[in-house]
Structure formats: C-alpha cells, structure tokens
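Work through the following exercises with the sequence and the 3D view open beside you. Try each task on your own before you read its solution.

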Amino acid sequence: MDFCGIFTDVRGSAVNIYIALAGLIITVVIAVIIKNQWVGRVTLYELIKGLWVTQSTALSPKATIQFPEENLPVSPRFRGLLALRRYPNGEERCIGCKLCEATCPALAITIETAPRDDGSRRTTRFDIDMFKCINCGLCEQSCPVDSIVLTPEQHYTVNDRGLNILTKDKLLKIGEITEDRLAKDRANIHKGDG
Ligand code: SF4
Ligand code: SF4
C-alpha cells in the first residue's frame, strides 16, 4: 500500500507480530522451566552431580577411624582428666599454696596442708570433685610449680557413688601414668609448638 509516499506492507507487519508473539511465548516457557527446575529433572543433572560427588570421594583417603581401637590426635592443650605431677626424683611438686583452690570457679578443689618433719609444707588432703569441675584449666594456669594439670585423657566415667572425688592418691597416680605424655606436651607448649 502506498500511503502518502510511504510504502506499507500489511502482510509483513502481521508476520512481525506473529514472530514477536512466538518469542514472548518461548521466553515465558523457558522462564517457567527454569523456575521449576525442570531442566535438572529432565536431564538428570542433579542425579549425575550427586554420583560425581560419590565417585570423586570413593578413592580418596578415609575420613573415618575405627574407634575405640583408633583415636584422633589430641592437642597438647586438651583439658581432660586432672592429675598431680611429681618431680623426676619422685618428690611431689605441690607445695600446698592453695592458689588452685582459690582460683577454681567451681569450688571443686579442697586442700588441707601441714608441715612435714623437714619443715616443708605439703598437702594432707587434695580432693577434686569431678562433678563440680568444668575443666576450665584455671587451676593449671595458677599453679606456680606445674603440679596440677589437665591430662589429655578423655575416656573416663564415674559409675559409683563417691568415685567422683579424685583424692590426692588418685591424682598422683594419674600423674604417674601420664607423666611421659605430660612432660612432652609441656615441652612443646613452652617451645610454642602447642
Ligand atoms: S579445671 Fe577449673 S573447675 Fe576444674 S578444678 Fe581446675 S579450676 Fe576448678
Ligand atoms: S597444685 Fe599448685 S596451685 Fe594447687 S596447692 Fe599445689 S602448688 Fe599450689
């Protein structure tokens, strides 16, 4: 059609409208497919992705251990079962200063002292109530002679009335059993490796 010198193709305009409509419909359909994650479902993308994760870890080193035969490494600073240490000559380190008793926020420590025949002061009673202890480590930090310590031992239970009280004898015995590890850990901590 010639309209004031401008040629207008009516058929061409109709085709353009159809193309625009078709493009709009296709866009809407794609948007709906993406919104409902149909692509992943139809192409099994999620399943393949999951299988890939399984296969990629199948040959990597095992992340599990056979507890209790195997144990994970324990930090030298781990705060486990309490103990009292001795010097290498067998003398008990504790001098009965009661700093640990005073600093314990749970009031778990009970100490009584008396002078020995040689005039030095030693404890006659050193009880720690495991039910009260929160393994905070403040007693260890306050001790001037590195006597009271928290060992790396974490596998212990109390299964009878009264066994929650760790007496001086028990604490010293725990210290004797764990002394090798305690000495090594403390050497590493003082070196700055712990
Ligand atoms: S670890 Fe903390 S709560 Fe336990 S006896 Fe020492 S200071 Fe008290
Ligand atoms: S364990 Fe240490 S802080 Fe506690 S009474 Fe003995 S020397 Fe003092």
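**Exercise 1. A loop residue and its surroundings**

In which loop is Glu 69 found? Decide also whether Glu 69 counts as buried or exposed.

Solution. Keep in mind throughout that this is a predicted model. Begin with the position along the chain: Glu 69 belongs to the loop that runs between helix H3 (45–58) and E3. Next, count its neighbours: a residue is called exposed if 12 or fewer other C-beta atoms lie within 10 Å of its own, and Glu 69 counts as exposed because it has 6 C-beta neighbours inside 10 Å. Finally, take a distance across the model: Glu 69 and Asn 188 are separated by 119 residues in sequence and by 26 Å in space, from C-alpha to C-alpha.

**Exercise 2. Backbone geometry**

Find which two residues a cis peptide bond joins, and then determine where Leu 107 and Asp 146, each with a positive phi, are found.

Solution. Start from the general expectation that most residues other than glycine have a negative phi, and that most peptide bonds are trans. The cis bond joins Phe 67 and Pro 68, with an omega of about 10°, and Pro 68 lies in the loop between H3 and E3.

Now turn to phi. Leu 107, although it is not a glycine, has a positive phi of about 50°; it is found in the loop between helix H4 (99–103) and E4, and it is exposed because 10 other C-beta atoms lie within 10 Å. Asp 146 has a positive phi near 55°, again in a residue other than glycine, and its place is the loop between helix H5 (138–142) and E6. Since Asp 146 has 15 C-beta neighbours inside 10 Å, it counts as partly exposed.

**Exercise 3. The open sheet**

Work out the order in which three strands form an open sheet, and name the edge strands.

Solution. The order of the strands is E4-E5-E7, and their pairing is antiparallel. The edges are strand E4 (109–115) and strand E7 (165–166), each of which pairs on one side only.

Then look at the pairs in turn. E4 and E5 run antiparallel and are joined by seven bridges; among the partners in E5, Phe 126 is matched with Ile 111, and Thr 123 with Thr 113. The hairpin of E4 and E5 has five residues between the strands, and there Gly 119 takes a positive phi near 95°. E5 and E7, which also run antiparallel, are joined by two bridges, and Ile 128 stands opposite Leu 166 in E7.

**Exercise 4. The largest nonpolar core**

Which residues of the largest nonpolar core touch the most other members?

Solution. This core holds 20 residues, of which Leu 82, Ala 83, Ile 128, Ile 148 and Leu 171 touch the most other members. The elements that contribute two or more residues to this core are strand E3 (82–84), strand E5 (121–129), strand E6 (148–150) and helix H6 (168–191). To follow one member in more detail, choose Ala 83: leaving aside residues up to four places away in sequence, Ala 83 touches Val 149, Thr 151, Leu 171, Ile 174, Gly 175 and Thr 178.

**Exercise 5. Two ligand shells**

Describe by class the residues around ligand 1 and those around ligand 2.

Solution. The surroundings of ligand 1 include Cys 104, Cys 133, Cys 136 and Cys 139, together with others such as Ile 109, Ile 128 and Gly 137. Sorted by class, the shell of ligand 1 has ten nonpolar, two polar and no charged residues. Around ligand 2 there are 13 residues, and those that come nearest are Cys 94, Cys 97, Cys 100, Cys 143 and Ile 148. The shell of ligand 2 consists of nine nonpolar, three polar and one charged residues.

**Exercise 6. The whole chain**

How many helices and strands are there in the protein chain, and what radius of gyration does the protein chain have?

Solution. Count the elements: there are six helices and seven strands in the protein chain. Then compare the dimensions: the radius of gyration is 37 Å, whereas a compact globule of 194 residues would have one near 16 Å. The C-alpha atoms fill a box of roughly 130 × 40 × 40 Å, taken along the principal axes. Finally, buried residues make up 14% of the 194 residues.

How values were computed:
Residues are numbered from 1 along each chain as its sequence is written. Chains are lettered from A and ligands numbered from 1 in the order in which they are written. This is a predicted model: local features need pLDDT of at least 70, side-chain atom pairs count only at pLDDT 80 or more; totals for chains, interfaces and linings use all residues. A residue is near a molecule or strand if its C-beta atom, placed from the backbone, lies within 6 Å of it. Ala, Val, Leu, Ile, Met, Phe, Trp, Tyr, Cys and Pro count as nonpolar, Asp, Glu, Lys and Arg as charged, and the others, Gly among them, as polar. A nonpolar core is a set of buried Ala, Val, Leu, Ile, Met, Phe, Trp, Tyr and Cys residues joined through C-beta atoms within 7 Å. Helices (H or I, at least four residues) and strands (E, at least two) are DSSP runs, numbered from the N terminus. Two residues are in contact if their C-beta atoms, placed from the backbone, lie within 7 Å. The radius of gyration is taken over C-alpha atoms; the globule rule is 2.2 Å times the number of residues to the power 0.38. Two strands pair if DSSP finds at least two bridges between them.
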